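User: I am new to reading protein structures, and I would like to learn how to do it one feature at a time. Could you take me through this example?

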Amino acid sequence: MTKVLVATEKPFAKVAVEGIRKIVEDAGFELVLLEKYTDPNDLVKAVADVDALIVRSDKVTKEVVDAGKNLKIVVRAGAGYDNLDLAACTAKGVVAMNTPGQNSNAVAELAIGMMIYMARNLFQPGTGSEIAGKKLGIHAYGNVGKLVAKYGKGFGMEVYAFDPFVDKAVMEKDGIKVVDSIEMLYSSCDYVSLHIPANDKTKKSIGYDLLSKMPKGATLVNTARKEVIDEEGLKKVLAERTDLKYATDIMADCHAELVEKFPGRVFATPKKMGAETAEANINAGLAAARQIVAFIKNGDKNFQVNK
Ligand code: 3PG
C-alpha cells in the first residue's frame, strides 16, 4: 500500500492532520506520522519504506532522500523550500514540490503585527508611534509581499515595492509605488518587510550597506529567512544607528547578543510563528496531501520545484 509520511518537528494543528489523514486514506493510501522529533535520524529511519513525504521546515537532506528507497515525492507544506536538497531529489528521480500561497495570509498578518509591536516599543510603557502615514517597503512582491502591501494600505501606509521578477504594471495596478532599485526601497521606507527566498544569490544580501541607508527611526521586519541577513552587518548598523530596529520571525544566530546590546530595538518570536495558524496549517497541509494524491494517481506535477 502507498505510504505517506508526515514528518513535522513542529506539528500541524490537529485539525489539519485529520484533514490530511482523510485525503490520504480516501485515496486508499496509509498515513504515517512522525511529530515533534528532535533527532534528524528519526526522519532518516521513518522515510525508509514510504512513497511520499510531507514536511514543513524539516530538513530533507541527501541522507533522508537516499534513505527513502521507495520515495517518489516530497512536498514542503509551505512556500520556502530551502530546506529540501533539490539536487539529491533530482538525482534520485524524486519530485519535490511546495504549496505556494497556502500559508501566506498568516505570515502577512504576523508581519503587520510585528510592525505595530515595534512601533509601540514592544508594548512597554512610554510613547510609541503609529504605522498609519508611514512608508512601507515590500522587498519582493510575491504571495506574502502582496498581502502585506494590501494590509499596509488598509492601515493607511504609503506602500512601495521592489521586485525585479514581477511586472511593474502588476504592482502599479495594486496601487503600489514601484522603485527601481533595492537601495531606493531601503532609503525611502520607514518599515521594510522582507519576503525574499533564501538561495545562493540572496543569502547574507541584507547587511550594513543597505540598512545604513534606512531613514531615521526605521524598522526592518523579517518574516522570510534568517539566512538572508548578514548578521555582522546588522550588528554594526544597530550599534552605529541607535534609532534603527529589527523584528524577526526567524531568530538570528546572534539573537542573545543583539538583545543584550540593543534592548528594546530587537525582537524575535521564540520559534518561527509565521505559519502557525490553524488556517495556514489546514491550507498548506491539505494542499500537500492533495498534490501527493494527484501525483501518485495521475502523475500531476503541478508545483514541482526541481524541474
Ligand atoms: C514557509 O516557507 O512556508 C514558511 O516559512 C512557514 O514555515 P513553517 O511551515 O516551518 O512554519
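Analyst: What follows is a walk through the ligand site, a helix, the strands and some single residues. Please keep in mind that this is a predicted model.

User: Let us begin with the ligand. Which residues surround the ligand?

Analyst: A residue belongs to the surroundings of a molecule if one of its heavy atoms lies within 4 Å of it. Here the ligand is surrounded by Lys10, Arg56, Ser57, Arg76, Gly78, Ala79, Gly80, Asn103, Arg225, Lys272 and Ala275. Sorted by class, this shell has 2 nonpolar, 4 polar and 5 charged residues.

User: Which side chains have an N or O atom at a short listed distance from an oxygen atom of the ligand?

Analyst: A polar contact is a pair of N or O atoms within 3.5 Å, and three side chains can be read with that cut-off in mind. In the side chain of Arg76, an N or O atom is 3.0 Å from an oxygen atom of the ligand. For the side chain of Asn103 the corresponding distance to a ligand oxygen is 2.8 Å, and for the side chain of Arg225 it is 2.8 Å. As for cover, the ligand on its own has 320 Å² of accessible area, and the protein covers 95% of it.

User: How do I read a helix, and what does the span of helix α5 tell me?

Analyst: An α-helix has 3.6 residues a turn, so residues three or four places apart point the same way. Helix α5 takes in residues 104-119, and at 1.5 Å a residue its 16 residues should span 22 Å, which agrees with the 23 Å between its end C-alpha atoms. The buried residues of α5 are Ser104, Ala106, Val107, Ala108, Ala111, Ile112, Met114, Met115, Met118 and Ala119. After α5 comes Asn121, which has a positive phi, near 55°.

User: Which other residues have a positive phi although they are not glycines?

Analyst: Two further cases are worth setting side by side, and for each of them it helps to look at the backbone angle, the place in the chain and the exposure. Lys36, which is not a glycine, has a positive phi of about 55°, and it lies in the loop between β2 (30-35) and α2 (40-46). With a relative accessible area of 63%, Lys36 is exposed. Leu122, also not a glycine, has a positive phi of about 55°, and its place is the loop between α5 and β6 (135-139). Leu122 counts as buried, at 14% relative accessibility.

User: Now the strands, please. What is the order of the strands in the sheet of 7 strands?

Analyst: To read a sheet, one follows which strand pairs with which, and then looks for the edges. The order in this open sheet is β8-β7-β6-β9-β10-β11-β12, and the pairing is parallel. At the edges stand β8 (177-178) and β12 (266-268), each with a single partner strand, so one side of each has no neighbour in the sheet.

User: How many bridges join β6 and β7?

Analyst: These two strands pair in the parallel sense over 5 bridges. Among the partners, Lys135 is matched with Glu158 in β7, while Gly137 is matched with Tyr160 in β7. In β6, 4 of the 5 residues are buried, so this strand is largely enclosed by the rest of the structure. Strand β7 (residues 158-162) is mostly covered, with 4 of its 5 residues buried.

User: What joins β9 to β10?

Analyst: Strand β9 (residues 191-194) and strand β10 (residues 219-222) run parallel and are joined by 4 bridges. One of the pairs is Ser193 with Val221 in β10. Thr219, found in strand β10, counts as buried at 1% relative accessibility. Although Thr219 and Cys189 are 30 residues apart along the chain, their C-alpha atoms are separated by 8.8 Å.

User: Which way do the residues of β5 point?

Analyst: Val95 and Met97 point one way from strand β5 (residues 95-98), whereas Ala96 and Asn98 point the other way, and all are buried. Strand β4 (residues 73-76) runs parallel to β5 and is joined to it by 4 bridges, with Ile73 having Val95 as its bridge partner in β5.

Methods:
Residues are numbered from 1 along each chain as its sequence is written. This is a predicted model: local features need pLDDT of at least 70, side-chain atom pairs count only at pLDDT 80 or more; totals for chains, interfaces and linings use all residues. Side-chain values use heavy atoms; hydrogens and water are left out. A polar contact is a pair of N or O atoms within 3.5 Å; within protein, one must be able to donate a hydrogen and the other to accept it, and residues adjacent in sequence count only if both atoms are side-chain atoms. Accessible areas come from the Shrake-Rupley method with a 1.4 Å probe; for residues, only the protein chains shown count as cover. Ala, Val, Leu, Ile, Met, Phe, Trp, Tyr, Cys and Pro count as nonpolar, Asp, Glu, Lys and Arg as charged, and the others, Gly among them, as polar. The expected span of a helix is 1.5 Å times one less than its number of residues. Buried means under 20% relative accessible area, exposed over 50%, partly exposed in between (1.4 Å probe, protein chains only). Two strands pair if DSSP finds at least two bridges between them.
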